[in-house]
Amino acid sequence: MNTAAIQGSFESNAVPVLMVSGTRPEIIKLGPLYHALQQSGWARPAWVHTGQHGDMAAQMLECFDIRPDHVLQRQGSSLAEFSVGCRVQLETVLAQEKWGVVVVQGDTESAFQGALAGFYHGVPVAHVEAGLRTYNLRRPFPEEGLRQMIGRIANLHLAPTQRAAQALEREGVAARNIAVTGNTVVDAQLWACEHHGIHRRAQGRGHILVTMHRRENWGSDVDNICAAIADVAREYPGLPILFPVHLNPVVREPVHRLLGQLPNVTLTAPLDYLAMQQALADAWLVLTDSGGLQEEAPTFKVPLLVLRDETERPEVIDAGCAELVGADRAAIVHAVRRLMTDEAAYRRMQAGGNPFGDGTASQQIVQHLYQLLKPSRVSASQAAEREAIHGMA
């Protein structure tokens, strides 16, 4: 059967694709893929929201014009309670239909539970943003462990970069099951710029944008980073610093104590996605421990200082867009001072494009999912295995 005939058969009998997400970053990175699948002609995407994030997730779903087909009820307040409740409810969703594939993104508990549910039901699992590694199970925790475990049971590994693909190959994943697509985070940014009018509005240099939330920076590292920001604010009183502060008291208390009285430092509540994209567009420099901002800032040609000792996104370092400074007070101040005084160094960090993609990742993923699911790839043994698993359930 030729490709046109296969495409026609899919259009008349669309393949149900289950997309599982529960956190703000997952929605951002799966949103463009959801719309691309809707427009594919062969897929019928169904969105499961696990409830891992509450109001933040609701805002993101609205931003990307997504109405979930299944909304799970979050159980308990701990991650363990959430995991158990999520897993039980996903069983019900998986049993409702013969899904063609389960799609998960990244390294959250929702992604892991979605992948695990698909695995137990004999449904192929496609892992978006596969292959990110630090090989330190404590940094970041629990994300590093979760993404490695998803990698063990996924059927299709959609790596954002060649480096991520190479990490998977070193772990024994067959090359035929890996596809380098770029990162859908860039697709999401371009979608937001087009649909919500994001563009640079700042006059002159712009501000320093600071974010900090990772567990590994809690404690003395928070104090060190805040002390460095205070040093910069005092040395450059005309330079505005925007710091959306994480709501956790472990972060919030020292940030307000050490930075709250500085006139050129603005402390705000966490920004929603569109406000953060606008803040990036208006930034001169980003100081962050966020993985997502490491991917997003290069789209707007904003250099980054990464407040971590290692990153699972080394491409941004290799491309010259970012520098690792950790939580070292002197290193942070030195790096900001160098960029303030060395225009050529600053321009070099702006020079490259975004190493994580060109905005076509979603379309590429749709094509790889089509190749995974088209009838000629479904063997009798796979079908028998799936029936056996359902029979044991």
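**Strands, helices and two buried residues**

Trainee: How many of the five residues of β4 are buried?
Mentor: Buried means under 20% relative accessible area, exposed is over 50%, and partly exposed is in between (1.4 Å probe, protein chains only). Strands (E, at least two residues) and helices (H or I, at least four) are DSSP runs numbered from the N terminus. β4 is largely enclosed by the rest of the structure, because its buried residues number five of the five.

Trainee: What pLDDT do local features need here?
Mentor: Residues are numbered from 1 along each chain as its sequence is written, and side-chain values use heavy atoms, with hydrogens and water left out. This is a predicted model in which totals for chains, interfaces and linings use all residues, side-chain atom pairs count only at pLDDT 80 or more, and local features need pLDDT of at least 70.

Trainee: Which residues of β4 lie on the side opposite Val 101, Val 103 and Gln 105?
Mentor: In a regular strand, side chains alternate between the two faces of the sheet. Both faces of β4 are covered, with buried residues on each. Across from Val 101, Val 103 and Gln 105 are Val 102 and Val 104.

Trainee: In β4, which residue is the bridge partner of Val 17?
Mentor: Two strands pair if DSSP finds at least two bridges between them. β1 and β4 run parallel and are joined by three bridges. Val 17 has as its partner Val 101.

Trainee: Which helix does the chain pass through from β4 to β5?
Mentor: Strand β5 (residues 125–128) runs parallel to β4, with four bridges between them, and Gln 105 stands opposite Val 128. The β-α-β crossover between these strands is right-handed, and its helix is α5. Right-handed means that, with the strands pointing away from the viewer, the path from the first strand over the helix to the second runs clockwise. The helix asked for is α5.

Trainee: What span should helix α4 (residues 79–95) have?
Mentor: The expected span is 1.5 Å times one less than the number of residues. Helix α4 has 17 residues, and its end C-alpha atoms are 24 Å apart, which agrees with the expected 24 Å.

Trainee: Which backbone oxygens does the side chain of Asn 264 reach at 3.2 Å?
Mentor: Asn 264 is found in the loop between α10 (249–259) and β10 (265–268), and its relative accessible area of 12% is why it counts as buried. A polar contact is a pair of N or O atoms within 3.5 Å; within protein, one must be able to donate a hydrogen and the other to accept it, and residues adjacent in sequence count only if both atoms are side-chain atoms. The side chain of Asn 264 reaches the backbone oxygens of Ala 233 and Tyr 236.

Trainee: Which strands are the edges of the six-stranded open sheet?
Mentor: The order is β10-β9-β8-β11-β12-β13, with parallel pairing. An edge strand here pairs on one side only, which holds for β10 and β13.

Trainee: Which residues does Ala 230 touch, not counting residues up to four places away in sequence?
Mentor: Ala 230 lies in helix α9 and is buried, with a relative accessible area of 5%. Contact means heavy atoms within 4.5 Å. By that rule Ala 230 touches Leu 258, Leu 259 and Leu 262.
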